[in-house]
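Open the model in your viewer and keep the selection tool at hand. This tour goes stop by stop, with something to select at each one.

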Amino acid sequence: MNTPIKQTDSAARERALDPSCSFAVQAPAGSGKTELLMQRYLTLLALVERPEEILALTFTRKAAGEMRSRVIGAMMKAAEAGYVPVASHEAKTIALAKKALERDSARGWALLDNPNRLKVVTI
């Protein structure tokens with residue numbers, strides 16, 4: 001059964017994926033911030049004309065590398081025939097990655113071969 005807190009968190013996460021709005025994400029370690037930011041990045045990839053239109057800023061090189069790696073990793077999993085996500089948050093990520101891959105294919109970006117096109121940088 002969903003608790004009011006979980007329902008509120010789920011609704012906030014869904015709102016954060018709305019590309020027409022800006023959001024600040026603040027939460028404790030291990031709460032899924034990176035997953036949420038990755039989902040937002042994938043959402044935006046499915047909409048833009050070029051991947052370079054999206055800019056993700058982080059505070060450290062390590063975080064930037066992890067974010068880029070996780071976005072590409074999600075897209076690689078989404079490209080695998082028969083891959084079945086285990087957790088519901090991963091299922092959401094893979095669904096978004098599939099949409100990003102459709103856009104990638106339609107626009108000829110070849111992001112899996114050219115991940116440097118993803119602009120995830122430090123401040």
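The stops below cover helix pairs, a core and some single residues.

Before selecting anything, note that this is a predicted model.

**Stop 1: H2 and H3**

Select residues 33–45, which form helix H2, and residues 61–79, which form helix H3. Their axes come within 10 Å and cross at roughly 60°. That angle makes H2 oblique to H3. The crossing of H2 past H3 is right-handed.

Now show the side chains at the contact. On H2, pick Thr-34, Glu-35, Leu-37, Met-38, Tyr-41, Leu-42 and Leu-45. On H3, pick Glu-66, Met-67, Arg-70, Val-71, Ala-74 and Met-75. Colour them by class. Nine are nonpolar, one is polar and three are charged.

**Stop 2: H3 and H4**

Keep H3 and add helix H4, residues 88–107. At what angle do H3 and H4 pack? The angle is about 85°, and the axes are 8 Å apart. H3 is therefore roughly perpendicular to H4, as angles of 65 to 115 degrees count that way.

From H3, the contact uses Ala-74, Met-75, Lys-77, Ala-78 and Ala-79. From H4, it uses Glu-90, Thr-93, Ile-94, Ala-97, Lys-98, Ala-100 and Leu-101. The class count here is eight nonpolar, one polar and three charged residues.

Stay on H3 and click Ala-79, which is part of this helix. Apart from neighbours within four places in sequence, Ala-79 is in contact with Leu-101 and Leu-112. Draw a line from its C-alpha to that of Lys-92. The two atoms are separated by 15 Å, and the residues are 13 apart along the chain.

Next, click Met-76, also placed in H3. Is Met-76 buried or exposed? Neither word fits: with 48% relative accessibility, Met-76 counts as partly exposed. Draw another C-alpha line, from Met-76 to Phe-59. These two are 17 residues apart in sequence and 26 Å apart in space.

**Stop 3: H2 and H4**

Hide H3 and bring back H2 beside H4. These two helices pack at an angle of about 25°, with axes 8 Å apart. H2 and H4 are therefore roughly parallel to each other. Their crossing is left-handed.

Select Glu-35, Met-38, Gln-39, Leu-42, Thr-43 and Leu-45 in H2. They meet His-89, Glu-90, Lys-92, Thr-93, Leu-96, Ala-97, Ala-100 and Arg-103 in H4. By class, this contact has six nonpolar, four polar and four charged residues.

Zoom in on Thr-43, which lies in H2. Thr-43 counts as buried, because its relative accessibility is 12% and the cut-off is under 20%. What does Thr-43 touch, not counting residues up to four places away in sequence? Its partners are Leu-17, Pro-19 and Leu-96.

**Stop 4: the largest nonpolar core**

Show H2, H3 and H4 together. The largest nonpolar core has 26 residues. Select Tyr-41, Leu-42, Leu-45, Val-71, Met-75 and Leu-118, the members that touch the most other members. Each of H2, H3 and H4 supplies at least two residues of this core. Which helix gives the most? It is H3, with seven residues.

Centre the view on Leu-45. Setting aside residues up to four places away in sequence, Leu-45 touches Pro-51, Ile-54, Val-71, Met-75, Ala-100, Arg-103, Trp-109, Leu-111 and Leu-118.

Move on to Leu-118, in the loop between H4 and E2. Leu-118 is buried, with a relative accessible area of 1%. With the same neighbours in sequence left out, Leu-118 touches Tyr-41, Leu-45, Pro-51, Arg-68, Val-71, Ile-72 and Leu-111. Take Ile-72 from that list and draw the C-alpha line to Leu-118. The two are 46 residues apart in sequence and 9.0 Å apart in space.

**Stop 5: Ala-110**

Stay in the loop and select Ala-110, which sits between H4 and strand E2 (119–122). Check its backbone. Where is phi of Ala-110? It is near 55°, a positive value in a residue other than glycine. Most residues other than glycine have a negative phi. Last, turn on the surface. Ala-110 counts as partly exposed, at 29% relative accessibility.

Conventions: Residues are numbered from 1 along each chain as its sequence is written. This is a predicted model: local features need pLDDT of at least 70, side-chain atom pairs count only at pLDDT 80 or more; totals for chains, interfaces and linings use all residues. Side-chain values use heavy atoms; hydrogens and water are left out. Axes are lines fitted to C-alpha atoms, for helices over the stretch in contact, and angles run from 0 to 180 degrees between N-to-C directions. Helices (H or I, at least four residues) and strands (E, at least two) are DSSP runs, numbered from the N terminus. Angles under 35 degrees count as roughly parallel, over 145 as roughly antiparallel, 65 to 115 as roughly perpendicular and the rest as oblique. A crossing is left-handed if the near helix is turned anticlockwise from the far one by less than a right angle, and right-handed if clockwise. Contact means heavy atoms within 4.5 Å. Ala, Val, Leu, Ile, Met, Phe, Trp, Tyr, Cys and Pro count as nonpolar, Asp, Glu, Lys and Arg as charged, and the others, Gly among them, as polar. Buried means under 20% relative accessible area, exposed over 50%, partly exposed in between (1.4 Å probe, protein chains only). A nonpolar core is a set of buried Ala, Val, Leu, Ile, Met, Phe, Trp, Tyr and Cys residues joined through side-chain atoms within 4.5 Å.
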